[in-house]
Amino acid sequence: MTPEALLGGFIDAPVQSAHAFRAGLEALARPGTLHSLTGATPPAPMSVAAGVLILTLCDGTTPVHLAGHHDSDAIRDWVTFHVGAPLVTAEKAMFAIGTWAAMQPVGRFAIGQPDYPDRSATLIVEMPTLAPSGPHLSGPRLSGPGIKGEARLALPETAAFVRNRALFPLGFDCFFTAGSLVAGLPRSTNVEAN
Amino acid sequence: MTAPLPALAAVDSVAQPDHGRDERAGFHPEQPDVQHDRSREDHAKDQPVEKVVMALHAAHPEKGSMTDYNFAYLDEQTKRMIRRAILKGIAIPGYQVPFASREMPMPYGWGTGGVQVTAACLTPDDTLKVIDQGADDTTNAVSIRKFFQRTAGVAVTEATTEATIIQTRHRIPETALTKGQILVYQVPIPEPLRFLEPRETETRKMHELEEYGLMHVKLYEDIARHGTIATSYDYPVKVEGRYVMDPSPIPKFDNPKLSDNPAIQLFGAGREQRIYALPPHTHVVSLDFDDHPFVASKAAHDCDLCAAQDSYLDEVITDDQGSRMFVCSDTDFCRSRREAGHLGRLGTPLSEVEQ
Ligand SMILES: [Zn+2]
């Protein structure tokens with residue numbers, strides 16, 4: 001384990017994780033809204049927001065999958081030291097962290113069981129930027145629980161989220177992270193391309 | 001199609017059928033009356049607040065300030081577990097997520113489920129309001145408020161508009177909630193189908209298959225017997241066209257406030273170990289029939305203190321001759337109206353009271 005693995009955790013875990021949970025809760029409860037997550041400095045390429053989510057939600061009882069470039073020695077050590085989560089394959093993960101491309105195919109992740117739809121994976125998807133829409137990204141329309149009327153959020157694609165919604169009440173749930181920003185996309189959200 | 005997760009041992013254990021549950025709940029098929037449950041819960045209130053506070057001191061004799069407890073009482077691993085359950089509840093509105101409920105330094109009837117959800121949500125920046133049947137000043141509400149002042153150092157309020165988190169037993173505030181607020185319900189019986197089917201494995205199957213016909217039959221039997229749907233508390237709702245959900249024993253007058261509410265609504269059942277949720281602006285419909293539509297009824301009176309025509313009223317016996325008055329169950333709402341100059345049949349202007 002590298003000395004760097006010991007750094008970058010919460011200084012005041014009870015209070016920092018309380019603030020982080022509230023931001024994550026607001027993000028998932030109001031799909032399309034952006035919230036700030038700060039207080040962790042995980043090794044690159046993991047974002048601050050993804051690191052904060054891991055510190056807040058993961059522990060020895062939550063198998064974690066590190067996808068693609070996030071499956072580095074530095075990040076493995078950091079996750080192991082700070083939360084003690086078992087590192088597992090995509091199929092066994094309760095949480096997964098990586099870029100959308102690295103998470104493919106997303107059909108590998110747990111979507112819950114018909115009688116226990118909560119036993120499903122939460123994907124923390126690292127994004128280059130996070131915005132309702134941008135110069136190259138015109139976010140798809142979001143509607144459903146948590147959204148008054150409609151919202152917009154630039155997503156890495158549309159089809160996968162349309163398929164995921166069709167599985168409801170099964171499905172995976174997503175946090176999108178970039179820098180210290182987070183947005184949520186629960187399985188209940190209807191996603192429509194422009 | 002489905003890829004099951006390796007379930008947590010703790011969560012798995014609470015998902016097992018519990019054949020003693022229906023007995024403990026005091027909820028029997030032939031007596032599907034929430035009043036039973038309410039009276040059972042009220043037994044817990046026999047224990048005075050001083051006793052609970054003393055129990056806290058006894059556990060930590062030399063202590064007393066918030067710094068002696070972990071923030072918001074619960075340990076970090078427990079809060080993480082509850083937080084994960086809350087997020088899955090938000091993702092699947094109306095679905096009951098199992099969680100491993102912890103012992104709290106208060107009896108179950110005091111709302112330990114709500115207390116654990118509140119503990120998992122609180123930050124030091126929050127302003128907490130606690131109500132019991134609409135009132136901020138009952139033993140139960142005062143005790144929970146003190147508990148979080150002590151363990152989380154949060155600000156408290158009785159004003160609905162100032163609160164960021166409101167923990168409630170059996171009411172939704174009259175004052176409209178706003179974006180950014182969280183309403184935490186204390187839930188005694190989270191399973192709306194429990195009085196039809198005592199076995200957890202069976203009710204879980206019924207939710208899976210959306211087998212809600214029996215619930216409609218029960219409501220229709222009400223109509224056959226009473227000419228109307230007699231259920232006045234705990235009135236079942238359907239969430240986003242999918243899960244039938246128990247709104248906790250709120251009066252059905254409050255049911256319309258569940259739907260399209262700008263606040264996050266979280267439900268915690270401690271003894272039954274379930275958490276469920278309604279994200280903001282979730283579509284919630286009270287079950288009814290075309291020929292007997294749902295009516296959010298209340299006593300046909302105005303508040304005798306503040307003259308409100310549209311608030312839920314408690315009937316209060318005022319002397320042993322049987323004189324009675326109707327007053328808002330929401331004490332903050334009623335006081336705010338009187339402060340604004342509204343005066344009911346038996347109300348006294350606040351300025352006179354103060355003099
Ligand atoms: Zn009144």
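Select chain A and display its surface: the accessible area comes to about 7,000 Å², and carbon and sulfur atoms account for 59% of that area. The model on the screen is predicted.

**Chain A as a whole**

Keep chain A selected and change to a cartoon view, in which five helices and 11 strands may be traced. Reduced to its C-alpha trace, chain A spans about 45 × 35 × 30 Å along its principal axes. A compact globule of 194 residues would have a radius of gyration near 16 Å, and chain A agrees with this because its own value is 16 Å.

Next, colour chain A by burial. Of its 194 residues, 59% are buried. Contacts may be displayed in the same view: among those between residues at least 6 apart in sequence, 66% join residues at least 24 apart.

To finish this overview, select the charged residues of chain A. There are 12 positive and 15 negative charges, and the mean positions of the two groups lie 10 Å apart.

**Two cis peptide bonds in chain A**

Select Ala44(A) and Pro45(A). The peptide bond that joins them is cis, with omega at about 5°. Pro45(A) has its place in the loop that runs between β1 (35–36) and α2 (48–57) of chain A.

Move on to Gln104(A) and Pro105(A), which are also joined by a cis peptide bond; here omega is about -10°. The loop that holds Pro105(A) lies between α4 (100–103) and β4 (111–113) of chain A.

**Leu167(A) and a distant partner**

Select Leu167(A), in the loop between α5 (159–166) and β9 (173–178) of chain A. Is Leu167(A) buried or exposed? Its relative accessible area is 26%, and Leu167(A) therefore counts as partly exposed, since that class lies between the 20% limit for buried and the 50% limit for exposed.

Now add Ala74(A) to the selection and draw a line from C-alpha to C-alpha. Leu167(A) and Ala74(A) are 36 Å apart in space and 93 residues apart in sequence.

**A helix of chain B**

Turn to chain B and select α7, residues 139–152. This helix has 14 residues, and its first and last C-alpha atoms are 20 Å apart, close to the 20 Å expected at 1.5 Å a residue. Why may α7(B) be called largely enclosed by the rest of the structure? The reason is that 10 of its 14 residues are buried. Among them are Ile144(B), Phe147(B) and Phe148(B), together with Arg145(B) and Arg150(B).

Step past the end of the helix to Gly153(B), which follows α7(B) and has a positive phi, near 65°.

**Two further positive phi angles in chain B**

Select His170(B), which is found in the loop between β4 (165–169) and β5 (182–186) of chain B. Although His170(B) is not a glycine, its phi is positive, at about 75°. With a relative accessibility of 1%, His170(B) counts as buried.

The last stop is Asp260(B), in the loop between α10 (255–258) and β8 (264–269) of chain B. Asp260(B) is likewise a residue other than glycine with a positive phi, near 55°. How is Asp260(B) placed with respect to the surface, and what is its relative accessible area? Asp260(B) is partly exposed, and the value is 39%. The tour thus closes with a buried His170(B) and a partly exposed Asp260(B).

Methods: Residues numbered from 1 in each chain as written. Chains lettered and ligands numbered in written order. Predicted model: local features only at pLDDT ≥ 70, side-chain atom pairs only at ≥ 80, totals over all residues. Heavy atoms only, no water. Helix = DSSP H or I, 4+ residues; strand = E, 2+ residues; numbered from the N terminus. Rg over C-alpha atoms; globule rule 2.2 N^0.38 Å. Buried < 20%, exposed > 50% of the residue type's maximum accessible area, 1.4 Å probe, protein only. Contact = heavy atoms within 4.5 Å. Areas by Shrake-Rupley, 256 points an atom, 1.4 Å probe, with all protein chains shown as cover. Lys, Arg positive; Asp, Glu negative; His and termini not counted. Charge placed at Lys NZ, Arg CZ, Asp CG, Glu CD. Expected span 1.5 Å × (residues − 1).
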